[in-house]
Amino acid sequence: MAEPVVRIPDAKVALSTASVYPESTATAFEIAARLGYDGVEVMVWTDPVSQDIEALRRLSDHHGVPILAVHAPCLLITQRVWSTDPWVKLRRARAAAEKLGATTVVVHPPFRWQRQYARDFVAGIWRMADETDVRFAVENMYPWRYRDREMLAYAPDWDVTKDDYRHFTIDLSHTATARNDALEMAGRMGDRLGHVHLADGNGSAKDEHLVPGRGSQPCAELLENLARGAFDGHVVIEVNTRRAMSSAERESDLAEALAFTRLHLASASASAGPVAPPVTPSSSSAGARPS
(Lines give C-alpha, C1' and ligand atoms only; values in the text may rest on other atoms or scores of the structure.)
Protein backbone atom coordinates (compact mmCIF):
# COMPACT_ATOMS: atom_id res chain seq x y z
CA MET A 1 0.00 0.00 0.00
CA ALA A 2 1.36 3.41 -0.96
CA GLU A 3 2.29 5.67 1.93
CA PRO A 4 0.30 8.93 2.26
CA VAL A 5 2.14 11.97 1.02
CA VAL A 6 1.83 15.60 2.01
CA ARG A 7 0.60 17.71 -0.87
CA ILE A 8 0.57 21.49 -0.64
CA PRO A 9 -1.78 23.26 -3.08
CA ASP A 10 -0.65 26.19 -5.18
CA ALA A 11 -2.59 28.64 -2.97
CA LYS A 12 -0.44 31.40 -1.51
CA VAL A 13 -0.97 32.61 2.05
CA ALA A 14 -0.97 36.40 2.34
CA LEU A 15 -1.25 38.88 5.19
CA SER A 16 -3.87 41.60 4.95
CA THR A 17 -2.37 44.95 5.90
CA ALA A 18 -5.56 45.47 7.94
CA SER A 19 -4.35 42.72 10.29
CA VAL A 20 -1.72 44.97 11.89
CA TYR A 21 -4.01 47.93 12.63
CA PRO A 22 -3.45 50.32 14.40
CA GLU A 23 0.08 49.89 13.10
CA SER A 24 0.85 51.02 9.57
CA THR A 25 0.78 49.51 6.10
CA ALA A 26 4.59 49.60 6.11
CA THR A 27 4.63 47.55 9.32
CA ALA A 28 2.49 44.89 7.64
CA PHE A 29 5.16 44.39 4.96
CA GLU A 30 7.86 44.08 7.65
CA ILE A 31 5.89 41.48 9.60
CA ALA A 32 4.91 39.52 6.47
CA ALA A 33 8.58 39.28 5.47
CA ARG A 34 9.77 38.33 8.95
CA LEU A 35 7.14 35.60 9.43
CA GLY A 36 7.44 34.12 5.94
CA TYR A 37 4.09 35.02 4.41
CA ASP A 38 3.89 34.55 0.64
CA GLY A 39 2.69 38.11 0.10
CA VAL A 40 0.29 40.80 1.27
CA GLU A 41 -3.17 42.04 0.46
CA VAL A 42 -3.24 45.83 0.62
CA MET A 43 -6.29 47.26 2.33
CA VAL A 44 -6.70 50.68 0.73
CA TRP A 45 -7.86 52.98 3.51
CA THR A 46 -6.95 56.13 5.42
CA ASP A 47 -3.22 55.33 5.72
CA PRO A 48 -1.71 57.47 2.90
CA VAL A 49 0.85 54.76 2.07
CA SER A 50 -1.97 52.32 1.26
CA GLN A 51 -3.21 54.77 -1.39
CA ASP A 52 0.20 55.41 -2.98
CA ILE A 53 1.16 52.93 -5.70
CA GLU A 54 4.81 53.96 -5.83
CA ALA A 55 5.20 53.78 -2.05
CA LEU A 56 3.64 50.31 -2.09
CA ARG A 57 5.97 49.20 -4.87
CA ARG A 58 8.99 50.39 -2.87
CA LEU A 59 7.81 48.52 0.22
CA SER A 60 7.25 45.36 -1.81
CA ASP A 61 10.69 45.57 -3.41
CA HIS A 62 12.48 46.45 -0.17
CA HIS A 63 11.01 43.55 1.82
CA GLY A 64 10.82 41.05 -1.05
CA VAL A 65 7.10 40.57 -0.39
CA PRO A 66 4.79 40.56 -3.43
CA ILE A 67 1.43 42.30 -3.41
CA LEU A 68 -1.06 39.56 -4.28
CA ALA A 69 -4.33 41.46 -3.91
CA VAL A 70 -5.78 44.93 -3.48
CA HIS A 71 -8.84 45.51 -1.31
CA ALA A 72 -10.81 48.38 -2.81
CA PRO A 73 -11.73 51.23 -0.40
CA CYS A 74 -15.38 50.30 0.15
CA LEU A 75 -15.66 50.48 3.95
CA LEU A 76 -17.67 53.13 5.79
CA ILE A 77 -14.42 54.80 6.90
CA THR A 78 -13.08 54.96 3.32
CA GLN A 79 -16.03 56.59 1.60
CA ARG A 80 -13.84 59.53 0.52
CA VAL A 81 -10.65 57.60 -0.27
CA TRP A 82 -9.77 57.72 -3.99
CA SER A 83 -13.04 59.60 -4.78
CA THR A 84 -16.61 59.50 -3.59
CA ASP A 85 -17.64 57.75 -6.84
CA PRO A 86 -17.57 53.98 -6.21
CA TRP A 87 -16.83 53.16 -9.85
CA VAL A 88 -13.81 55.48 -9.81
CA LYS A 89 -12.62 53.62 -6.69
CA LEU A 90 -12.87 50.29 -8.51
CA ARG A 91 -11.09 51.59 -11.60
CA ARG A 92 -8.26 52.91 -9.42
CA ALA A 93 -8.10 49.59 -7.54
CA ARG A 94 -7.84 47.74 -10.84
CA ALA A 95 -5.09 50.09 -12.07
CA ALA A 96 -3.21 49.64 -8.80
CA ALA A 97 -3.47 45.85 -9.06
CA GLU A 98 -2.24 45.88 -12.65
CA LYS A 99 0.73 48.13 -11.85
CA LEU A 100 1.68 46.21 -8.70
CA GLY A 101 1.32 42.73 -10.20
CA ALA A 102 -1.61 41.76 -7.98
CA THR A 103 -4.05 39.23 -9.41
CA THR A 104 -7.17 40.11 -7.40
CA VAL A 105 -9.26 43.12 -6.42
CA VAL A 106 -11.54 42.44 -3.46
CA VAL A 107 -14.78 44.40 -3.44
CA HIS A 108 -17.81 44.51 -1.16
CA PRO A 109 -21.36 44.75 -2.49
CA PRO A 110 -22.72 48.32 -2.34
CA PHE A 111 -24.40 49.84 0.66
CA ARG A 112 -28.15 49.91 0.17
CA TRP A 113 -28.22 53.72 0.15
CA GLN A 114 -25.88 53.74 -2.88
CA ARG A 115 -28.94 53.14 -5.04
CA GLN A 116 -27.64 53.72 -8.56
CA TYR A 117 -24.38 51.90 -7.84
CA ALA A 118 -26.34 48.96 -6.40
CA ARG A 119 -28.65 48.79 -9.43
CA ASP A 120 -25.71 48.64 -11.83
CA PHE A 121 -23.33 46.64 -9.66
CA VAL A 122 -23.64 43.08 -10.99
CA ALA A 123 -23.49 44.07 -14.67
CA GLY A 124 -20.82 46.67 -13.94
CA ILE A 125 -18.54 44.18 -12.23
CA TRP A 126 -18.86 41.88 -15.25
CA ARG A 127 -17.94 44.77 -17.58
CA MET A 128 -14.87 45.62 -15.52
CA ALA A 129 -13.82 41.97 -15.30
CA ASP A 130 -13.98 41.75 -19.10
CA GLU A 131 -11.48 44.62 -19.39
CA THR A 132 -8.62 43.07 -17.40
CA ASP A 133 -6.94 39.86 -16.32
CA VAL A 134 -7.33 40.97 -12.69
CA ARG A 135 -10.04 39.09 -10.82
CA PHE A 136 -12.82 41.12 -9.20
CA ALA A 137 -13.72 38.87 -6.27
CA VAL A 138 -16.95 40.01 -4.60
CA GLU A 139 -17.02 39.35 -0.85
CA ASN A 140 -19.86 37.95 1.26
CA MET A 141 -21.10 40.33 3.96
CA TYR A 142 -23.77 40.05 6.71
CA PRO A 143 -26.89 41.73 8.12
CA TRP A 144 -26.25 44.48 10.63
CA ARG A 145 -27.77 43.62 14.02
CA TYR A 146 -28.51 45.60 17.16
CA ARG A 147 -30.23 43.75 19.99
CA ASP A 148 -33.32 42.21 18.35
CA ARG A 149 -33.24 44.40 15.25
CA GLU A 150 -31.69 43.54 11.90
CA MET A 151 -30.80 45.93 9.08
CA LEU A 152 -30.06 44.79 5.54
CA ALA A 153 -27.30 47.24 4.73
CA TYR A 154 -26.01 45.76 1.46
CA ALA A 155 -27.50 45.53 -2.03
CA PRO A 156 -28.23 43.59 -4.13
CA ASP A 157 -27.64 41.29 -1.11
CA TRP A 158 -25.12 40.57 1.64
CA ASP A 159 -25.21 36.93 0.47
CA VAL A 160 -23.34 37.40 -2.78
CA THR A 161 -24.12 33.85 -3.97
CA LYS A 162 -27.65 35.08 -4.76
CA ASP A 163 -26.22 37.05 -7.68
CA ASP A 164 -24.05 36.11 -10.63
CA TYR A 165 -20.39 37.12 -10.31
CA ARG A 166 -17.36 35.70 -12.06
CA HIS A 167 -15.34 35.42 -8.84
CA PHE A 168 -16.10 35.41 -5.12
CA THR A 169 -14.22 36.08 -1.90
CA ILE A 170 -15.41 34.13 1.14
CA ASP A 171 -14.79 35.71 4.55
CA LEU A 172 -15.28 33.37 7.52
CA SER A 173 -15.66 36.14 10.07
CA HIS A 174 -18.54 37.40 7.93
CA THR A 175 -20.14 33.96 7.74
CA ALA A 176 -19.98 33.87 11.55
CA THR A 177 -21.65 37.27 11.88
CA ALA A 178 -24.29 36.30 9.31
CA ARG A 179 -24.78 32.98 11.16
CA ASN A 180 -24.73 30.95 7.99
CA ASP A 181 -22.93 27.75 7.00
CA ALA A 182 -19.49 28.63 5.62
CA LEU A 183 -18.94 25.25 3.96
CA GLU A 184 -22.33 25.39 2.29
CA MET A 185 -21.63 28.91 1.05
CA ALA A 186 -18.25 27.82 -0.32
CA GLY A 187 -20.03 24.96 -2.07
CA ARG A 188 -22.45 27.37 -3.71
CA MET A 189 -19.54 29.50 -4.88
CA GLY A 190 -18.01 26.39 -6.46
CA ASP A 191 -15.16 26.97 -8.86
CA ARG A 192 -15.83 30.72 -8.79
CA LEU A 193 -14.38 30.89 -5.28
CA GLY A 194 -11.12 32.62 -6.09
CA HIS A 195 -10.12 34.27 -2.82
CA VAL A 196 -10.40 33.58 0.92
CA HIS A 197 -10.31 35.92 3.89
CA LEU A 198 -9.41 33.60 6.73
CA ALA A 199 -10.53 34.60 10.20
CA ASP A 200 -12.80 33.16 12.85
CA GLY A 201 -15.89 34.21 14.78
CA ASN A 202 -18.42 33.00 17.29
CA GLY A 203 -21.65 34.26 15.72
CA SER A 204 -21.65 37.59 17.53
CA ALA A 205 -23.42 40.57 15.98
CA LYS A 206 -19.95 42.11 15.86
CA ASP A 207 -17.63 41.25 12.96
CA GLU A 208 -14.92 39.69 15.15
CA HIS A 209 -12.07 38.60 12.82
CA LEU A 210 -10.53 36.26 15.38
CA VAL A 211 -7.34 34.29 14.79
CA PRO A 212 -8.35 31.05 12.99
CA GLY A 213 -9.06 28.28 15.48
CA ARG A 214 -10.27 30.62 18.23
CA GLY A 215 -13.92 30.69 17.17
CA SER A 216 -16.65 28.39 15.90
CA GLN A 217 -16.10 28.64 12.16
CA PRO A 218 -14.92 25.59 10.13
CA CYS A 219 -11.63 27.23 9.19
CA ALA A 220 -9.68 23.96 9.20
CA GLU A 221 -12.32 22.09 7.23
CA LEU A 222 -12.53 24.81 4.59
CA LEU A 223 -8.76 24.84 4.11
CA GLU A 224 -8.64 21.05 3.85
CA ASN A 225 -11.44 21.06 1.26
CA LEU A 226 -9.60 23.72 -0.73
CA ALA A 227 -6.43 21.62 -0.65
CA ARG A 228 -8.28 18.54 -1.88
CA GLY A 229 -9.72 20.61 -4.70
CA ALA A 230 -6.29 21.99 -5.72
CA PHE A 231 -7.39 25.58 -4.97
CA ASP A 232 -5.00 28.02 -6.65
CA GLY A 233 -6.35 31.33 -5.36
CA HIS A 234 -5.05 33.24 -2.35
CA VAL A 235 -5.77 32.66 1.33
CA VAL A 236 -5.47 35.96 3.17
CA ILE A 237 -5.14 36.25 6.94
CA GLU A 238 -7.47 39.11 7.86
CA VAL A 239 -7.68 39.20 11.65
CA ASN A 240 -8.22 41.85 14.31
CA THR A 241 -5.13 42.40 16.48
CA ARG A 242 -6.18 45.73 17.96
CA ARG A 243 -6.35 44.25 21.46
CA ALA A 244 -2.76 42.99 21.35
CA MET A 245 -0.90 44.40 24.35
CA SER A 246 2.36 44.74 22.40
CA SER A 247 3.90 44.42 18.97
CA ALA A 248 5.32 41.07 20.04
CA GLU A 249 1.86 39.78 20.96
CA ARG A 250 0.46 40.99 17.63
CA GLU A 251 3.25 39.25 15.74
CA SER A 252 2.67 36.06 17.74
CA ASP A 253 -1.00 36.06 16.74
CA LEU A 254 -0.08 36.51 13.09
CA ALA A 255 2.52 33.72 13.29
CA GLU A 256 -0.13 31.43 14.82
CA ALA A 257 -2.58 32.28 12.04
CA LEU A 258 0.02 31.50 9.37
CA ALA A 259 0.97 28.18 11.00
CA PHE A 260 -2.70 27.17 11.30
CA THR A 261 -3.32 27.95 7.63
CA ARG A 262 -0.26 26.15 6.31
CA LEU A 263 -1.00 23.11 8.50
CA HIS A 264 -4.53 22.67 7.19
CA LEU A 265 -3.62 23.37 3.57
CA ALA A 266 -1.26 20.39 3.76
CA SER A 267 -3.60 17.47 3.03
CA ALA A 268 -2.83 13.76 3.41
CA SER A 269 -3.31 12.20 -0.02
CA ALA A 270 -3.86 8.52 0.76
CA SER A 271 -4.72 5.69 -1.60
CA ALA A 272 -8.39 5.97 -0.63
CA GLY A 273 -8.65 8.84 -3.10
CA PRO A 274 -9.97 12.39 -2.84
CA VAL A 275 -12.73 13.38 -0.48
CA ALA A 276 -15.70 15.17 -1.99
CA PRO A 277 -16.50 18.72 -0.82
CA PRO A 278 -19.52 19.15 1.47
CA VAL A 279 -21.67 20.55 -1.32
CA THR A 280 -21.21 19.65 -4.97
CA PRO A 281 -21.12 23.02 -6.73
CA SER A 282 -23.11 23.52 -9.87
CA SER A 283 -20.94 24.83 -12.66
CA SER A 284 -23.90 25.61 -14.90
CA SER A 285 -23.68 29.30 -14.13
CA ALA A 286 -19.91 29.58 -13.74
CA GLY A 287 -19.50 31.09 -17.16
CA ALA A 288 -22.87 32.76 -17.31
CA ARG A 289 -23.19 36.46 -17.82
CA PRO A 290 -26.04 38.81 -17.00
CA SER A 291 -28.26 39.69 -19.88
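This passage describes the packing of helix 1 against helix 2 and the surroundings of helix 6 in a predicted model. Residues are numbered from 1 along each chain as its sequence is written, and side-chain values use heavy atoms, without hydrogens and water. In this predicted model, local features require pLDDT of at least 70 and side-chain atom pairs count only at pLDDT 80 or more, whereas totals for chains, interfaces and linings use all residues.

Helices (H or I, at least four residues) and strands (E, at least two) are DSSP runs numbered from the N terminus. Helix 1 (residues 25-35) and helix 2 (residues 53-63) have axes that come within 10 Å and cross at roughly 20°; axes are lines fitted to C-alpha atoms, for helices over the stretch in contact, and angles run from 0 to 180 degrees between N-to-C directions. Helix 1 is therefore roughly parallel to helix 2 (angles under 35 degrees). In contact (heavy atoms within 4.5 Å), Thr-25, Ala-26, Phe-29, Glu-30 and Ala-33 of helix 1 meet Leu-56, Leu-59, Ser-60 and His-63 of helix 2. By class, this contact has 5 nonpolar, 3 polar and 1 charged residues (nonpolar: Ala, Val, Leu, Ile, Met, Phe, Trp, Tyr, Cys and Pro; charged: Asp, Glu, Lys and Arg; polar: the others, Gly among them).

Helix 6 (residues 182-189) is mostly covered, with 6 of its 8 residues buried (under 20% relative accessible area, 1.4 Å probe, protein chains only). Ala-182, Leu-183, Met-185, Ala-186, Gly-187 and Met-189 are the buried residues, and they pack against strand 9 (167-171), helix 5 (172-178), strand 10 (193-198) and helix 7 (219-228). Just after helix 6, Gly-190 adopts a positive phi of about 60°.

How values were computed. Parallel < 35°, antiparallel > 145°, perpendicular 65-115°, else oblique. Buried < 20%, exposed > 50% of the residue type's maximum accessible area, 1.4 Å probe, protein only.
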